[in-house]
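Subject: The structure, and what was found in it

Hello,

I am passing on the structure we talked about, so that you can look at it alongside the notes below. Please open it first and keep it in view while you read.

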Amino acid sequence: MPAEQLTRSRRTLVRLRGTTGRPLLFVHPSSGSAGGFRRLLPHLAPGYPVAAFEATEPGPPDECSVRRVAESYLAEAAEAGLVEGAALVGWSFGGVVAVEMARIAERAGHRIGSVVLLDSATPDVLATRPRSAVQEYAGLFGADPEALRIPGTEDNPERILEAVAGLLSRESGIAYTSADLRPYAEVHAWHVRALQTGPAPAACQAPVTLLRAAQESAWGDVPEDLGWSALLRRPVRTRWVPGTHHSLTEQRHAASLAGLLEELVQSGPRTCADGPPAP
């Protein structure tokens, strides 16, 4: 597909710094937030362009698939001149989008420097990972799931939001309501539907590395590479970073993660061998 045929319907790309050099593009998790990527900026080497995709509201129904999101994001990056040689770094949902972006870009004649997946699994692996609504909302808002296990909330999203709002209010001293949190939950739900709609991402040619969160315990009995070697039909290297799925970009882990990203996106992975065992 020629680059001029790539389409874009909404603006989500945020330039974080820089104008020249090989671009580094971050793709958000299902929350739509790019906040975690901003914490990495002080620890990245200066100079090259860094940008992030950020979705602050659900997209239209006809764009609710990984392929349509990837096409839209890639078109916006191409318009900004940030595709050729780019390193794509996708967190969780964003990893699936990043792989599809790389595939589409390559078919359009672009070279993608590398793809880095931050604790991201393939749609097939995600489909085998049962998670309750309480667990999903706890992860989304950084809450303790045990504190949300209140009778009557398990299958009631509105009651869960009320419980999360109460918990956050008590912890922060700021009065939150479920209405304050609902837009974030709607963005998350839209991206979850996108993962479940349309074909799974197909193989790309760019080097791909998976960075798994060393303290994450909720993946269960899944392949160490979270399904990527099977989907891409080649070995995908797994390396380990501090934190859990939701905390790996927190300030206490930012320097470590940024350092490994620098190694991967500037020089590419040295080998496709399996990564070291989890700490």
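The notes below go from the whole chain to its nonpolar cores and then to a few single residues.

Please keep in mind from the start that this is a predicted model. The chain contains nine helices and seven strands, and its C-alpha atoms fill a box of roughly 55 × 40 × 35 Å when this is taken along the principal axes. A compact globule of 279 residues would have a radius of gyration near 19 Å, and because the chain has 18 Å, its value agrees with that expectation. If we look only at contacts between residues at least 6 apart in sequence, 79% of them join residues that are at least 24 apart.

As for the surface, the accessible area of the chain comes to about 12,200 Å², and carbon and sulfur atoms account for 52% of it. Buried residues make up 53% of the 279 residues. The chain carries 27 positive and 31 negative charges, and the mean positions of these two groups are 5 Å apart.

Which residues of the largest nonpolar core touch the most other members? In this core of 46 residues, they are V97, M101, V115 and W228. Several elements supply at least two residues each to this core, including the strands β2 (24-27), β3 (50-53) and β5 (114-118) and the helices α2 (66-79) and α7. Helix α3 gives the most, with nine residues. Apart from this core lies another one, of 27 residues, and among them are L16, F37, W91 and V116. As background, nonpolar side chains in soluble globular proteins tend to be buried together.

W228 deserves a look of its own, and if residues up to four places away in sequence are not counted, the residues that W228 touches include G95, V96 and V99, as well as L117, L210 and V236.

A102 lies in helix α3, and A102 is buried, with a relative accessible area of 0%. Leaving aside neighbours within four places in sequence, A102 is in contact with L88, I112, V115 and C204. For one of these pairs there is also a distance, since A102 and V115 are 13 residues apart in sequence and 7.6 Å apart in space, C-alpha to C-alpha.

Two further residues can be read in a similar way. S178 is in helix α7, which covers residues 178-195, and S178 has a relative accessible area of 13%, so it counts as buried, the limit being under 20%. Not counting residues up to four places away in sequence, S178 touches E158, L161, E162 and A165. H253 is found in helix α9, residues 251-267, and H253 counts as buried because its relative accessibility is 11%, which is under the limit of 20%. With residues up to four places away again not counted, H253 touches P242, G243, S247 and L248.

Is P46 buried or exposed? P46 lies in the loop between α1 (35-38) and β3, and at 73% relative accessibility it counts as exposed, because exposed means over 50%. P46 and E79 are 33 residues apart along the chain, and their C-alpha atoms are separated by 23 Å.

Best wishes

Definitions and conventions. Residues are numbered from 1 along each chain as its sequence is written. This is a predicted model: local features need pLDDT of at least 70, side-chain atom pairs count only at pLDDT 80 or more; totals for chains, interfaces and linings use all residues. Side-chain values use heavy atoms; hydrogens and water are left out. Helices (H or I, at least four residues) and strands (E, at least two) are DSSP runs, numbered from the N terminus. The radius of gyration is taken over C-alpha atoms; the globule rule is 2.2 Å times the number of residues to the power 0.38. Buried means under 20% relative accessible area, exposed over 50%, partly exposed in between (1.4 Å probe, protein chains only). Contact means heavy atoms within 4.5 Å. Accessible areas come from the Shrake-Rupley method with a 1.4 Å probe; for residues, only the protein chains shown count as cover. Lys and Arg count as positive and Asp and Glu as negative; His and the chain ends are not counted. The place of a charge is taken as NZ of Lys, CZ of Arg, CG of Asp or CD of Glu. A nonpolar core is a set of buried Ala, Val, Leu, Ile, Met, Phe, Trp, Tyr and Cys residues joined through side-chain atoms within 4.5 Å.
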